[in-house]
Amino acid sequence: MDAGLAGVIGATVGMLGGLGSGFVAFLGQNAQQRHQQVIDREHRLEEKRREAYLTCIETSKQVTSSWWRLANHLLSDERSPDQSRQYAQDAQNGWVTFTKTADAVSIAGPDEMAGVAQSLREAMWRMDRAGTSWYTCVSAGGHADLASCEAEFRAAEAARTEWGFVFLSTARRALMSER
């Protein structure tokens, strides 16, 4: 074989080796980019979930606080109809905000968290209905049902508290903060 042909064959082998090495490097880099995109997506999803869970917890506590403000006012001997009406309105306005945040949790997921958010929403709704019933009873001046209305509210609020703890526990698992 003469030196010219050997040079051409050597150059061809070198070029094919270079292309092969480049192709392997490209595949490795492409796989790394896909892996990084998956990690980034998971991080964004976790942050969205964390934000939705925290906002839902915050709004549920605000609604509960508003209802207790009204409950304490209803139990007071110095209650005024105007103040009672204002406290009742505040509690019911909080309900709208809470339902939006519970919806955000359901959307963010996962499915187990969506189910717990729905159960918390139902417990909050029962508390809202019991509080409204108690407020209506006091406003109408019906003294016979006041004790049963108060008991119904307290029972509904206790159930809401239990679902609040379930929500927190499920959120920790969903965010894998217990590992």
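**Salt bridges and the nonpolar core: a short presentation**

Good morning. I begin with one pair: Arg121 and Asp103 join their side chains in a salt bridge, with 2.5 Å from N to O. By salt bridge I mean a side-chain nitrogen of Lys or Arg within 4 Å of a carboxyl oxygen of Asp or Glu. This pair links distant parts of the chain, as Arg121 belongs to helix H3 and Asp103 to helix H2, 18 residues apart. Helices are DSSP runs (H or I, at least four residues), numbered from the N terminus.

A word on the basis of these statements. This is a predicted model, in which local features need pLDDT of at least 70 and side-chain atom pairs count only at pLDDT 80 or more, while totals for chains, interfaces and linings use all residues. Residues are numbered from 1 along each chain as its sequence is written, and side-chain values use heavy atoms, with hydrogens and water left out.

Is Arg121 buried or exposed? Arg121 counts as buried because its relative accessibility is 14%, the limits being under 20% relative accessible area for buried, over 50% for exposed, and partly exposed in between (1.4 Å probe, protein chains only). Its partner Asp103, at 35%, counts as partly exposed.

The structure holds seven salt bridges, and I shall describe two others. Asp82 pairs with Arg85, their closest N and O atoms being 2.4 Å apart. Both residues lie in helix H2, three residues apart, about one turn of the helix. Asp82 is exposed, at 56% relative accessibility, and Arg85 is partly exposed, at 44%.

In helix H4, Arg160 and Glu157 are likewise three residues apart, about one turn of the helix. Their side chains form a salt bridge of 3.1 Å, N to O. Both Arg160 and Glu157 are buried.

I turn now to the nonpolar residues. How many residues does the largest nonpolar core have? It has 36, and those with the most contacts inside it are Tyr53, Phe98, Val105, Trp134 and Phe167. Such a core is a set of buried Ala, Val, Leu, Ile, Met, Phe, Trp, Tyr and Cys residues joined through side-chain atoms within 4.5 Å. At least two residues of this core come from each of helix H1 (3-75), helix H2 (81-108), helix H3 (111-140) and helix H4 (146-174). H3 gives the most, with eleven residues.

Finally, consider Val105. Apart from neighbours within four places in sequence, Val105 is in contact with Ala52, Tyr53, Cys56, Met113, Ala117 and Phe167, where contact means heavy atoms within 4.5 Å. Thank you.
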